[in-house]
Amino acid sequence: MAPMTRARAGIERLPNARLATYYCDRASVGLIISEGVVISEQANGWNQSPGIYTDAMRDAWRDVVSAVHAAGGVMFAQLWHSGRASHSSFRADGSRAVAPSAIAINGEYMHTPIGKQPYETPRALATAEIASVVEDFCRAAERAKLAGFDGIELHGANGYLIDSFLQSKTNQRTDQYGGSIENRFRFLREIVEAVTSVFPANRVAVRLSPNGVYNDMGSPDYRETFSFAAQQLDRFGLAYLHLMDGLGFGFHQLGEPMTLAEFRPQFRSLLIGNCGYAQETAEAAIAANHADLIAFATPLHQQPRSRRTLCQQLAAQPARRNVGVVLIRRRGLQRLSEIPSKLSKPRSIG
Ligand SMILES: Cc1cc2nc3c(=O)[nH]c(=O)nc-3n(C[C@H](O)[C@H](O)[C@H](O)COP(=O)(O)O)c2cc1C
C-alpha cells in the first residue's frame, strides 16, 4: 500500500485508534507504507498529519504497529519533512518554512491551521543548520524503530524537503549542498547514511517522483538528476526504491517520462512502481521484470465493511499472523511470509 496522508491524528499529531483500524483494515495487502509521518515541528506542513518527534508519538505508533503486525501486516514508516510546502502558522513560534533556497511554490493557496493561505517564501537553510535536519531524520528513525516499524521509507517525492534539495528548480544554493547533481544529492546521502546507523540498510527505502509536477516541481535536468540518485542509492543496499513512475499525480512535461524499465539497471534492489496502476498493468510491469512490486494508494482508499471486520478479527488473534496475506509479486501472488526474507536479503555495498 502506497503512503496516503489521511489527516486524522488531531492537532497533537498523535496516532490513535482510528489510524490503527484504518491500517489493520488494509494489513492483508502485505507491505503497508504509512502516511507521511513528520520528523520534527519544523517539518509540519499538513493539518493533523501524525508525527514521530516525541516519545508520546512513538508510544502511540507502537500501538498502531502492534495491531498491524497482529493482523499479519508489514509496516514501514514514511519519514517526511514538508520543506517549502508549509506555512508559518504550522509552528508555535511562527517561523517560516525552510527549504534549500528561498523560492516559493508557484500556486494559489495552501491549507493551513488558520485556513487557506497564499504560499509564503521559505527561508533557505543555512549550511550549518542542515546537519540538525539530518539529525531530526535520524531521531525519527530511532523512534520508528522503538515503535516496532519494520523499516522506514524516506519521503523524497512530491516537492517536499528532500526532493527540493535534489532538483535544480528548487535548489539554487552555492554551498556544498547545491550546484552540481552530486552536491544536490548530498542532503539525501547524509540522511541515508544517518538512518542506516539506526535500521540496517535493507530496512531503509527511498521514494522519488522523477516525473512529478506536484508542489510546483519539475526540473530540466530531471533525467540526469534521478538517474544519478538511483545509481548512488544502489550503493547502499537499501530495501527498495519506490518510484512514482506513473503520471496520474501530475506530469511536468519537460521531456519523455522516466520509466521503471529505465531505472531497473540503475538500482539492483527491489523496485516498487506506483501511480495509476490497475491489477492488469501492475502484473504486466512485474511480468516484464520492470518492477518487483507495484504500490496502490487510491484503490485502497475505501474498503468494504466485510474486509474491515475480517481485519479486526485478525488483529484480535495474534497467532494467525500469516492468514491469507498476499501481495502482487513478480511471479504473481505470494504470501506475506516471503516478504520479510526478501527485504532482509543480504546485499553487497559496492
Ligand atoms: C489522499 C492522498 C494522500 C497521499 N499522501 C501521500 C503521502 O503521505 N506520501 C506520499 O509519498 N504520497 C502520498 N500520496 C500519493 C500516493 O502515495 C500515490 O502516489 C498516488 O495516489 C498515486 O497512486 P494511485 O494511482 O495508486 O492512487 C497521497 C495520495 C492521496 C490521494
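**Exercise 1. Locate alanine 7 in the chain, and decide from its neighbour count whether it is buried or exposed.**

Step 1: Alanine 7 belongs to the segment that precedes helix H1 (17–25), where helices (H or I, at least four residues) and strands (E, at least two) are DSSP runs numbered from the N terminus. Residues are numbered from 1 along each chain as its sequence is written. The model is a predicted one, in which local features need pLDDT of at least 70 and side-chain atom pairs count only at pLDDT 80 or more, while totals for chains, interfaces and linings use all residues.

Step 2: A residue is buried if 20 or more other C-beta atoms, placed from the backbone, lie within 10 Å of its own, exposed if 12 or fewer, and partly exposed in between. Alanine 7 has 12 other C-beta atoms within 10 Å and is therefore exposed.

Step 3: The phi of alanine 7 is positive, near 55 degrees, although the residue is not a glycine.

**Exercise 2. Carry out the same kind of analysis for cysteine 275: where does it lie, and is it buried or exposed?**

Step 1: Cysteine 275 is placed in the loop between strand S10 (270–274) and helix H8 (279–287).

Step 2: Because 22 C-beta neighbours lie inside 10 Å, cysteine 275 counts as buried.

Step 3: Cysteine 275, which is not a glycine, has a positive phi of about 110 degrees.

**Exercise 3. Test the length of helix H2 against its expected span, and then describe the surroundings of methionine 57.**

Step 1: The expected span of a helix is 1.5 Å times one less than its number of residues. H2 has 16 residues and should therefore span 22 Å, which agrees with the 22 Å between its end C-alpha atoms.

Step 2: The buried residues of H2 include Met57, Arg58, Trp61 and Val68. After the helix comes glycine 72, whose phi is positive, near 95 degrees.

Step 3: Methionine 57 is a residue of H2, and it counts as buried because it has 22 C-beta neighbours inside 10 Å.

Step 4: Two residues are in contact if their C-beta atoms, placed from the backbone, lie within 7 Å. Apart from neighbours within four places in sequence, methionine 57 is in contact with Arg13, Leu14, Pro50, Gly51 and Ile52. Arginine 13 is 44 residues away from methionine 57 along the chain, yet their C-alpha atoms are separated by 7.6 Å.

**Exercise 4. Which residues of the largest nonpolar core touch the most other members, and which helix gives the largest share?**

Step 1: A nonpolar core is a set of buried Ala, Val, Leu, Ile, Met, Phe, Trp, Tyr and Cys residues joined through C-beta atoms within 7 Å. The largest one holds 93 residues, of which Tyr23, Ile32, Val68, Leu79, Ile152, Leu241 and Leu271 touch the most other members.

Step 2: Helix H2 (residues 55–70) contributes the largest share of this core, seven residues.

Step 3: Isoleucine 152 touches, among others, Phe76, Leu79, Val195 and Phe199, when residues up to four places away in sequence are not counted.

**Exercise 5. How do the residues of the shell around the ligand divide by type, and which come nearest?**

Step 1: A residue is near a molecule if its C-beta atom, placed from the backbone, lies within 6 Å of it. Of the 21 residues around the ligand, Ala2, Pro3, Gly36, Ala297 and Thr298 come nearest.

Step 2: With Ala, Val, Leu, Ile, Met, Phe, Trp, Tyr, Cys and Pro counted as nonpolar, Asp, Glu, Lys and Arg as charged, and the others, Gly among them, as polar, the shell divides into ten nonpolar, nine polar and two charged residues.
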